[in-house]
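Thanks for coming, everyone. Please have the sequence and the 3D view open while I talk.

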Amino acid sequence: MKPVLFIDRDGTIIAEPKDEQVDDFSKLKFLPHVITALQKITKVTDYELVMITNQDGLGTDQYPEKDFWPIQNFIVDTLASEGISFSEIFIDKSFAKDNSPNRKPNTGLLGKYFKDNYDLKKSFVIGDRLTDVKLAQNLGAQAIFINNQRNLGNEEVSDEVEQLQQNIVLETTNWDDIKIFLCWPSRKASISRNTKETQISVEVNLDGTGKSHISTGLAFFDHMLDQISKHGLIDLNINTKGDLDVDEHHTIEDTALALGEAFAQAIGDKLGVERYGFCLPMDDCLAQVAIDFGGRNWLVWEADFKREMIGKMPTEMFMHFFKSFSDAAKANLNIKAEGQNEHHKIEAIFKAFAKAIKMAVKRDPDKMILPSTKGTL
């Protein structure tokens with residue numbers, strides 16, 4: 001099943017003039033980066049491109065077709081010369097008052113895309129009007145909204161404006177944002193791990209903003225896991241219910257295993273990642289964490305703790321946490337720390353761990369190659 005990009009024309013591919021009618025070459029201007037973005041999308045994804053545009057009153061004295069087609073053909077030919085082709089181009093000539101079933105946001109022109117060979121759930125409508133967002137809703141697709149603050153066409157869906165906002169998966173004014181969103185979607189994973197000793201759910205978004213909700217029953221452990229989210233800019237939800245009436249071991253170990261498994265799943269094919277990484281001071285302490293998501297587990301641990309517990313977390317479990325993460329994430333970890341304050345020392349390690357992860361999973365959108373001479377990771 002093939003996904004589709006239904007792309008508006010005016011205000012989306014080309015700039016829309018104040019009079020909302022591109023009927024002269026002096027009014028024609030491509031949006032910044034639209035050509036390079038569509039080039040990349042065409043090259044690295046399997047989306048079928050479809051242009052769908054409302055051209056109010058096309059063919060009337062108000063908007064003669066002789067003023068439209070030379071510009072339309074120039075747009076299409078220019079894009080084609082850069083390797084960007086549309087499988088279909090749909091143009092509705094009616095006015096909003098006509099209530100035509102073929103006018104966006106109606107789907108009268110798009111009947112073929114409801115058939116089994118198209119995947120509308122994974123398709124997107126890209127446009128600059130809420131009628132484009134409504135079209136996405138009517139198709140069962142998702143909406144990418146180019147918000148130029150002009151609110152054109154809002155009167156056609158005036159009673160649904162607030163509801164339609166919820167259907168927008170990306171709001172931007174920049175085609176580079178659209179390129180990254182479509183070519184390299186957020187790396188997410190969800191893991192459930194249930195045993196007789198623990199019940200754990202982990203959700204990870206490696207391309208998040210540092211939002212977290214963490215509950216393990218161990219306040220200090222929660223605090224350390226939160227460092228990974230905040231300093232790694234990783235969205236992280238962890239809910240662990242363990243046999244704390246026995247001791248803390250299973251809760252910490254199994255959380256680390258589930259977290260490592262989630263990372264391994266989220267990082268996926270590893271194309272374009274930096275792969276490696278962090279040295280971090282915290283008051284009297286210095287922590288160094290190097291990580292390699294290279295597909296093999298290994299841990300070097302050089303950190304001694306004089307206290308038995310920090311909060312309700314045994315210090316002997318610090319090494320065990322990172323060993324379990326390394327095993328499940330299939331990552332090398334080299335961790336060293338020195339200092340006097342035991343709380344500062346382990347917190348510095350977790351912060352440096354977060355920074356190392358942030359560096360290692362960072363992608364270069366312009367060089368989506370595998371960072372390995374072996375050809376596999």
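**A walk through the model**

Let's start on helix α2, on its outward side: Lys66, Asp77 and Ser81 are exposed there. One thing to keep in mind throughout: this is a predicted model.

Now turn α2 around. Which residues of α2 are buried? They are Phe68, Ile71, Gln72, Ile75, Val76, Thr78 and Leu79. These buried residues cover an arc of only 160° around the axis, so they sit on the same side of α2. The general reason is worth knowing. An α-helix has 3.6 residues a turn, so residues three or four places apart point the same way.

What covers that buried side? The cover includes α1, residues 34-44, β2, residues 48-54, and β3, residues 88-92.

A quick check on the length of α2. The helix runs from residue 65 to residue 81, which is 17 residues. From first C-alpha to last, α2 reaches 24 Å, close to the 24 Å expected. After α2 comes Gly83, with a positive phi near 85°.

Next, some residues with positive phi that are not glycines. His33 is one of them, with a phi of about 70°. Find His33 in the loop between β1, residues 4-7, and α1. His33 has a relative accessibility of 43%, so it counts as partly exposed.

Lys330 is another non-glycine with a positive phi, about 55°. Lys330 follows helix α8. Its loop runs between α8 and β16, residues 332-338. Lys330 is partly exposed too, at a relative accessible area of 45%.

While we are here, look at α8 itself. It covers residues 316-329, and its 14 residues reach 21 Å, close to the expected 20 Å. Buried residues of α8 include Phe318, Phe321, Phe322 and Phe325.

Helix α6 is next, residues 219-232. How far apart are the end C-alpha atoms of α6? They are 20 Å apart, which agrees with the 20 Å that 14 residues should span. Among the buried residues of α6 are Phe220, Phe221, Met224, Leu225 and Ile228. After α6 comes Leu233, and its phi is positive, near 55°.

On to the strands. Strand β7, residues 188-194, pairs with strand β8, residues 198-205. The pairing is antiparallel, over 7 bridges. The two strands form a hairpin with 3 residues between them. Strand β8 also pairs with β10, residues 235-242, again antiparallel, over 8 bridges.

Follow one residue across. Gln199 in β8 is the bridge partner of Asn194. Gln199 also has a bridge partner in β10, and that is Lys241.

There is another hairpin further along. Strands β11 and β12 form it, with 2 residues between them. Asp283 sits in that turn, with a positive phi of about 55°. These strands, residues 279-282 and 285-292, pair in the antiparallel sense over 4 bridges. Strand β11 has a covered face, Leu280 and Met282, and an uncovered face, Cys279 and Pro281. Across from Leu280, in β12, stands Ala287.

Now two single residues. Is Thr251 buried or exposed? Thr251 has 0% relative accessibility, so it counts as buried. You will find Thr251 in helix α7, residues 249-267. Leaving aside neighbours within four places in sequence, its contacts include Thr198, Thr216, Phe221, Thr240 and Leu244.

The other is Tyr118, in the loop between β3 and β4, residues 124-127. Tyr118 is buried, with a relative accessible area of 11%. In sequence, Tyr118 and Val4 are 114 residues apart. In space, C-alpha to C-alpha, they are 7.5 Å apart. Val4 is among the contacts of Tyr118, along with Met1, Lys2, Glu48, Lys112 and Tyr113.

The loop between β3 and β4 also holds Pro105. A cis peptide bond joins Lys104 to Pro105, with omega about 15°.

Last stop: the largest pocket. How much space lies in it? About 400 Å³. The lining has 23 residues. Nearest the centre are Glu16, Glu20, Asn54, Asp56 and Arg129. The elements that give two or more residues to this lining are β2 and α3, residues 130-139.

So we end back at β2, which we met earlier as part of the cover over the buried residues of α2. Questions, please.

Terms used
Residues are numbered from 1 along each chain as its sequence is written. This is a predicted model: local features need pLDDT of at least 70, side-chain atom pairs count only at pLDDT 80 or more; totals for chains, interfaces and linings use all residues. Side-chain values use heavy atoms; hydrogens and water are left out. Two strands pair if DSSP finds at least two bridges between them. The expected span of a helix is 1.5 Å times one less than its number of residues. Buried means under 20% relative accessible area, exposed over 50%, partly exposed in between (1.4 Å probe, protein chains only). The arc is that of the directions from the helix axis to the C-beta atoms. Contact means heavy atoms within 4.5 Å. On a 1 Å grid over the protein atoms alone, a cavity is a set of points where a 1.4 Å probe fits but cannot get out, and a pocket is an open set with protein on both sides within 12 Å along at least five of seven lines; lining residues have an atom within 4 Å of a point. Grid points are joined across faces, edges and corners, and a volume is the space filled by probe spheres set on the points.
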